[in-house]
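Me: I am new to this structure and should like to learn how to read its features. Could we begin with charged side chains?

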Amino acid sequence: MKKPSRKKATSRSIPKKKNQTITPKENLKQETSEIRLNRYISNSGICSRREADKLIADGEVKVNGKVVRELGTKVGKDDKVEFKGKVIQPEKYVYLLLNKPKGFITTLSDPKDRKTVMELVSKAAEQRIYPVGRLDRMTTGVLLFTNDGDFAQKLIHPSMAVPKIYEVVLNRALKDEDLLKIKEGTELEDGMVKVDDIAIVSNDAKSVGVKIHSGKNRVIRRLFEHYHYQVEKLDRVMFAGLDKKGISRGQWRYLSEKEIIRLKYFQ
């Protein structure tokens with residue numbers, strides 16, 4: 001008895017797929033029609049998934065007019081999801097990099113009516129975007145913005161140890177002994193601070209390059225103040241591998257797809 005013959009697959013019988021670039025928004029459309037409620041809320045740009053779980057557990061979210069407290073609840077495209085009485089919908093994610101100038105505070109609004117970084121990116125997106133982390137008012141350089149809550153939370157979480165590189169200009173030359181002390185580690189009021197690398201980058205020893213992953217508030221300024229130096233200029237030249245080359249002060253650009261993917265899978 002002869003075995004049935006099997007046709008070999010050929011390039012003609014298997015249609016080739018064209019190379020496609022899938023954006024986050026397109027990827028969302030290609031997934032299952034139902035997604036977890038916490039992800040739906042996060043995709044709307046309100047908060048991270050973890051924070052969304054708390055909103056759900058606290059009874060602050062309604063689905064089709066009813067309060068839902070069960071974590072893991074799934075919703076579809078036809079479901080009506082409400083938060084604080086307003087219908088929310090997943091947004092297209094936006095990721096951009098600003099070369100922050102001095103004189104702007106990193107906040108969404110300011111009761112003292114000071115200039116905020118939001119003024120610089122007001123025309124960048126229709127979606128409600130916000131800064132990833134902070135740079136103080138007089139610090140310049142790389143600052144990211146997004147409406148992707150999970151993405152932002154990941155980059156600022158201490159466990160990720162995201163590297164940052166700063167160029168620091170001091171009021172006087174950095175002494176060799178202080179340079180060594182900073183390399184060894186410095187105990188500040190809120191704990192030990194260790195830099196990943198530090199080097200003098202000018203002949204007068206006033207300009208210093210510092211690589212650090214600590215996310216402590218005003219850590220660079222406090223670090224040098226501990227050794228009785230005053231920071232006259234502070235510029236973040238790199239954050240998580242992203243730099244500001246080609247971007248003038250006060251200008252911004254969208255992140256490329258490759259940059260977004262690399263940051264999302266940053267380890």
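Reply: A salt bridge is a side-chain nitrogen of Lys or Arg within 4 Å of a carboxyl oxygen of Asp or Glu. In this predicted model, Arg 114 forms one with Asp 110, their closest N and O atoms being 3.0 Å apart. Residues are numbered from 1 along each chain as its sequence is written, and side-chain values use heavy atoms, without hydrogens and water. Local features need pLDDT of at least 70 and side-chain atom pairs 80 or more, whereas totals for chains, interfaces and linings use all residues.

Me: Is Asp 110 buried or exposed?

Reply: Buried means under 20% relative accessible area, exposed over 50%, and partly exposed in between (1.4 Å probe, protein chains only). Asp 110, at 15%, counts as buried, while Arg 114, at 36%, is partly exposed.

Me: Which parts does the salt bridge between Asp 148 and Lys 264 tie together?

Reply: Helices (H or I, at least four residues) and strands (E, at least two) are DSSP runs, numbered from the N terminus. The side chains of Asp 148 and Lys 264 meet at 3.7 Å, N to O. Asp 148 lies in the loop between β9 and α4 and Lys 264 in helix α7, so the pair ties together parts 116 residues apart in sequence. Asp 148 is buried at 4%; Lys 264 is partly exposed at 30%.

Me: Which residues of helix α4 are buried?

Reply: An α-helix has 3.6 residues a turn, so residues three or four places apart point the same way. In α4 (residues 149-156), the buried ones are Gly 149, Phe 151, Ala 152 and Leu 155.
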